[in-house]
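User: I am new to this structure and would be grateful for a close look at a single part of it, the enclosed space inside the protein. Please then connect that part to its surroundings in one continuous account.

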Amino acid sequence: METSVTKPRYDLLDGLRGVAALMVILYHVGEGFATSSRDQVINHGYLAVDFFFVLSGFVIGYAYDGRWQRGMSTGNFILRRIIRLQPMVVIAVLLGVLSFVIQGCEKWDGTAVSTSAVIMSLICGLFLIPAMPGTAPEVRGNGEMFPLNGPSWSLFFEYIGSLFYALFLHRMSTRVLTIFTAVAGIILACVAIGNGSGDFHLGVGWTAANGGFWMGLARMTFSFSVGLLMSRRFKPVRIGGAFWICSALIVAVLSVPFVGGETCPVANGFYDALCTLIVFPAIVYLGASGITTDAWSQRTCEFLGAISYPVYIIHYPFMYMFYAWVWSRGLSFSQVWPVAGAIIVTVIVLAWLFLRYYDEPVRRWLTARFLK
C-alpha cells in the first residue's frame with residue numbers, strides 16, 4: 001500500500017486486500033465447474049473487485065490528498081501509479097502468452113490463432129489497451145478485453161480511477177464529492193437491480209460488449225469515490241479483533257450463493273447493490289479503524305498485503321490451462337481438487353518470488369530513476 005513517508009500504514013487494510021485476493025482465486029477455481037452464474041461456488045467472488053476499488057480510493061485519498069497542496073503534479077502522480085502497478089502487469093501478460101502457447105494458440109472453440117494476432121494481443125496487454133470483441137487481438141474468442149490475462153480489466157479501470165482522481169476528484173470539495181458519490185451509487189444500483197448484466201449480478205466490466213465497459217466504469221466510479229470520501233471524513237472507531245472480524249465478513253459476503261434463485265433473481269441484484277453501496281465501505285472503515293495488537297496478526301497482515309496484488313494479477317493464466325484441462329476431459333472437482341490446491345499454492349509461491357526478486361527491485365529502480 002502506498003502512503004506518504006510521514007504517515008503510518010493501514011496494515012489491516014493490506015491484510016484484507018490479501019484475503020479478498022485469495023477469495024478471487026477460489027472463485028475462479030469454482031468457475032471451471034459452474035454451468036451458469038447461479039451455481040458458481042464462492043458465488044459472489046466477483047464483488048471482490050468492488051472491494052478493491054473502495055480500498056484503492058481510501059488509500060489513495062489518505063496517501064495523496066495532502067500532496068497536491070505541496071506541489072505534486074498530475075504527471076508525478078500518474079507516474080507513481082504506473083511504477084506501482086505496471087511491472088506486475090507485464091509479468092502477468094507474459095505468463096498469459098506462455099499459457100496460450102502451451103494450449104496450442106487456439107480460441108476456446110478450437111479455431112487456430114495466428115502468430116501476428118498473438119503479438120497484437122501481447123502488445124495490447126502490455127499497454128492495457130482493451131481488445132474489442134471480434135478483432136484480432138481478442139484471441140480467446142470469449143469477449144475478454146484482455147484475453148491473455150482476464151483480470152487486467154480491473155487494472156484498466158484502476159488506471160481510469162487514478163486519472164479521474166488526478167484530474168477531477170481531488171479538486172472537489174467534500175460536499176461536491178459527496179453528491180458525486182451519491183449519484184454514482186444510484187447509477188450502480190440501477191445497473192445491479194436493473195439487470196444490466198442480463199442475470200442480475202455485477203460481474204461485469206471484463207468485456208467491452210453489451211455495455212460491459214460502461215457497467216465496469218460504474219462499478220469503479222462509485223467504489224473508488226466512496227473510498228476517497230471516507231478517507232476525508234474518517235474518524236476511527238476502535239474495535240478489538242478488527243482484522244479477523246473483517247476477514248470473516250469478506251469471506252461470508254463473497255461466499256453467499258446466488259440470491260433469489262429462479263423465482264426471484266432480482267434479489268441477487270439487490271444483494272450486490274447492498275454489498276457495494278454499504279457493506280464494503282463499512283468493512284474498509286472498520287479495517288482502517290482497527291490496529292494489530294499481536295505479532296501473529298501483524299505478520300499475517302504484512303504477508304497477505306505483500307502478496308495480494310501479485311496473486312491477483314498472475315493467477316488467471318494458470319486458470320486458463322486448468323479450465324482447458326478440466327473441460328476437455330469432463331472432469332469433476334472431486335477428481336481434480338489436489339491439482340486445484342497445487343495451483344493455488346504455486347500461485348502464492350510465485351507471487352512472493354515475483355514480488356521479492358522482480359517487482360520490488362524494479363519499482364525501487366524506477367522510483368530512484370524517475371521520482372527524485
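Analyst: The largest cavity in this predicted model has a volume of about 50 Å³. A search of the whole structure finds 1 cavity of 30 Å³ or more. Its lining consists of Val93, Ser121, Cys124, Gly125, Ile129, Ala131, Met145, Phe146, Pro147, Leu148, Asn149 and Ser152. By character, these lining residues divide into 8 nonpolar and 4 polar, with no charged residue. Helix H4, which covers residues 115–126, gives the most to this lining, with 3 residues.

One of the lining residues is Cys124. With a relative accessible area of 15%, Cys124 falls under the 20% limit and is therefore buried. A search for disulfides across the whole structure finds 0. Cys124 is accordingly in no disulfide, and the nearest cysteine sulfur, that of Cys105, is 16 Å away. Cys105 itself lies in the loop between H3 and H4. Its backbone has a positive phi of about 55°, although Cys105 is not a glycine. As a general matter, most residues other than glycine have a negative phi.

Another cysteine, Cys190, may be set beside Cys124. The closest cysteine sulfur to that of Cys190 belongs to Cys275 and is 17 Å away, which is too far for a bond because a disulfide requires the two sulfur atoms to be within 2.5 Å. Cys190 counts as exposed, at 51% relative accessibility, whereas Cys124 is buried.

A positive phi is also found at Phe200, a residue other than glycine, where the angle is near 55°. Phe200 is located in the loop between H6 and H7. Its relative accessible area is 17%, so Phe200 is buried. The loop between helix H6 (174–193) and helix H7 (212–233) also holds His201. His201 counts as buried too, at 13% relative accessibility. Not counting residues up to four places away in sequence, His201 touches Ser37, Tyr46, Asn268 and Asp272.

The helix that follows this loop is H7. H7 has 22 residues and reaches 32 Å from its first C-alpha to its last, close to the 32 Å expected at 1.5 Å a residue. Of these 22 residues, 18 are buried, so H7 is largely enclosed by the rest of the structure.

H7 also contributes to an open space. The second largest pocket has a volume of about 900 Å³. The elements that give two or more residues to its lining are H1, H7 and H11. In total, 37 residues line this pocket, and Tyr27, Glu31, Gly203, Trp206 and Tyr316 lie nearest its centre. The lining of the second largest pocket divides into 17 nonpolar, 17 polar and 3 charged residues, whereas the lining of the largest cavity has no charged residue.

Tyr316, one of the residues nearest the centre of that pocket, leads to helix H11, which runs over residues 316–329. The 14 residues of H11 should span 20 Å at 1.5 Å a residue, and the end C-alpha atoms are 20 Å apart, which agrees. The buried residues of H11 are Tyr316, Pro317, Phe318, Met319, Tyr320, Phe322, Tyr323 and Val326. In general, an α-helix has 3.6 residues a turn, so residues three or four places apart point the same way. The buried residues of H11 pack against helix H1 (11–31), helix H3 (74–102), helix H10 (295–314) and helix H12 (333–370).

Phe322 gives a detailed view of this packing. Phe322 belongs to helix H11 and is buried, because its relative accessible area of 3% is under the 20% limit. Leaving aside neighbours within four places in sequence, Phe322 is in contact with Val29, Phe33, Val336, Val339, Ala340 and Ile343. The C-alpha atoms of Phe322 and Gly32 are separated by 7.8 Å, although the two residues are 290 residues apart along the chain. Just after H11, Gly330 takes a positive phi of about 60°.

Notes
Residues numbered from 1 in each chain as written. Predicted model: local features only at pLDDT ≥ 70, side-chain atom pairs only at ≥ 80, totals over all residues. Heavy atoms only, no water. Helix = DSSP H or I, 4+ residues; strand = E, 2+ residues; numbered from the N terminus. Expected span 1.5 Å × (residues − 1). Buried < 20%, exposed > 50% of the residue type's maximum accessible area, 1.4 Å probe, protein only. Contact = heavy atoms within 4.5 Å. 1 Å grid on protein atoms, 1.4 Å probe; cavity = no way out; pocket = protein on both sides within 12 Å on 5 of 7 lines; lining within 4 Å. Points joined across faces, edges and corners; volume = space filled by probe spheres on them. Nonpolar A, V, L, I, M, F, W, Y, C, P; charged D, E, K, R; others polar.
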